[in-house]
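Student: I've got this one open on my screen and would like to talk it through. Can we start with how the elements get their names?

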Amino acid sequence: MDPNKPNEPYQPNNVNYYDIPPSGGDTSDTSYDQGNSYSSSNAQQNQYDPYGTQTGQQNQYDPYGQRSGSYNLNGQNYGYQTNQSQQGKRPHFTLYFVFSIIEIFFSTIFGVISLIMTILANSQYNQGDTQGAKGKLIVARVMLIIGLVLNLLFFGAVAAFLVIGQMDYSNQKPSYSVDMDDEERTVGESPDAKIGELSSDWTDFKVALDGNLYSFPCKVSDLTEQNWVLDEDYEDEIVEGDSYKTVLFEKEDYHISVYLVNQSEKDQKVSECIVGGVSVDGKYDNEGLTFSICKGISIGTSEEKAKQILGEPDYEYVGDANEFWDDYRTWTFYADGETYRGLNITLIDHEITTISIENQQEE
């Protein structure tokens with residue numbers, strides 16, 4: 001071996017090397033043997049970068065050799081945490097949506113504002129703006145709380161109003177008393193009305209009103225002579241020919257409905273008509289006013305006694321119970337099956353409170 005000749009590098013079989021040009025030399029010959037397997041073609045691209053990763057692939061390592069994301073080694077996680085872990089738990093946008101929609105039905109303004117803020121917060125969070133989303137969720141929460149407080153105050157005031165109203169109604173409920181035995185006089189009948197002058201049959205259409213007897217039909221003057229006055233709202237009222245109309249008459253603090261009948265073909269004033277009947281409400285109006293339609297039937301008579309005297313009605317309506325009464329019903333009776341000759345009775349909590357009697361036939 002020539003000691004002046006440099007040793008050639010050891011070249012194992014089937015190993016490719018980078019084409020490294022000689023330092024300061026000619027770049028036209030870049031291999032020890034251009035025809036052997038150690039040479040590389042100028043058209044062939046280097047498949048590796050200086051860090052040992054294949055070109056065309058995404059580098060899975062950062063400049064410090066750390067794999068992006070996280071990896072597991074011997075059961076232990078290493079590496080960087082993801083953005084989702086750094087941001088924390090996702091807010092409960094669904095709950096805000098649900099509560100906002102519910103509040104719209106009770107507090108429209110606050111519910112709408114809360115819903116809009118929730119939608120915007122959800123959009124910002126999805127775009128990565130967690131701070132902006134947090135701020136809008138705070139506004140949505142405040143709107144929900146304000147709406148809830150206002151609703152509680154409103155419904156509390158309504159409940160208090162209903163309770164107070166019920167107490168006032170209970171205190172004002174009229175009472176009916178009997179000063180004499182039923183054998184001597186009808187319940188609620190004026191002491192001035194003689195029980196012997198009232199019929200035991202309501203179809204006679206004789207009544208006792210405020211201590212005076214009336215037989216229907218009668219004249220308007222029969223009422224006015226006993227100090228009943230036409231309500232001022234009906235002073236200029238005209239009743240058309242062959243028709244009827246209901247007007248109000250008053251006497252001191254009492255009010256009654258009067259059925260007027262015009263049996264002529266010409267229009268008539270109230271004073272020219274005949275009175276076909278009356279209706280007296282003794283529960284909400286006219287406390288102390290006496291009204292009887294026959295022996296034993298008057299304002300304040302019990303349901304049981306009324307059925308014993310009148311029998312079964314031709315028609316009965318039963319209403320629903322509410323905060324004002326537990327039982328409500330009306331009875332309708334017809335004389336000889338005629339519509340305009342009849343009796344209508346209202347019973348509340350099994351006691352007669354309103355009586356309407358009508359006989360629209362000629363005197």
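Tutor: Sure. Strands are DSSP runs of at least two residues, labelled E and numbered from the N terminus. Bear in mind that this is a predicted model.

Student: Okay, so between which two strands does the loop with Glu252 lie?

Tutor: Look at the stretches on either side of Glu252. One strand covers 243-251 and another covers 254-262, with Glu252 in the loop between them. Those are strands E8 and E9.

Student: Is Glu252 buried or exposed?

Tutor: The cut-off for exposed is over 50% relative accessible area. Glu252 comes out at 74%, so this residue counts as exposed.

Student: And how far apart in space are Glu252 and Asn286?

Tutor: Along the sequence, 34 residues separate Glu252 and Asn286. In space, going C-alpha to C-alpha, the distance is 10.0 Å.

Student: Which residues form the negative surface patch with Asp233?

Tutor: Asp233 sits in the loop between strand E6 (229-230) and strand E7 (238-239). With a relative accessible area of 63%, Asp233 is exposed. Its partners in the negative patch are Glu232, Glu235 and Asp236.

Student: What kind of ring pair do Phe154 and Phe155 make?

Tutor: Rings pair if their centres lie within 6.5 Å, and planes over 60 degrees apart count as edge-to-face. The count comes to 8 aromatic pairs. For Phe154 and Phe155 the centres are 5.2 Å apart and the planes are at 75 degrees, so the pair is edge-to-face.

Student: Which residues do ring pairs link into a cluster?

Tutor: Here ring pairs join up two Trp and two Phe residues. The cluster is Trp202, Phe205, Trp331 and Phe333.

Notes: Residues are numbered from 1 along each chain as its sequence is written. This is a predicted model: local features need pLDDT of at least 70, side-chain atom pairs count only at pLDDT 80 or more; totals for chains, interfaces and linings use all residues. Side-chain values use heavy atoms; hydrogens and water are left out. Patches are made of residues with over 30% relative accessible area and no salt bridge: like charges are joined within 9 Å, nonpolar side chains (Val, Leu, Ile, Met, Phe, Trp, Tyr) within 5 Å. Accessible areas come from the Shrake-Rupley method with a 1.4 Å probe; for residues, only the protein chains shown count as cover. A salt bridge is a side-chain nitrogen of Lys or Arg within 4 Å of a carboxyl oxygen of Asp or Glu. Lys and Arg count as positive and Asp and Glu as negative; His and the chain ends are not counted. The place of a charge is taken as NZ of Lys, CZ of Arg, CG of Asp or CD of Glu. Helices (H or I, at least four residues) and strands (E, at least two) are DSSP runs, numbered from the N terminus. Buried means under 20% relative accessible area, exposed over 50%, partly exposed in between (1.4 Å probe, protein chains only). Rings of Phe, Tyr and Trp (its six-membered ring) pair if their centres lie within 6.5 Å; planes under 30 degrees apart count as stacked, over 60 as edge-to-face and the rest as tilted.
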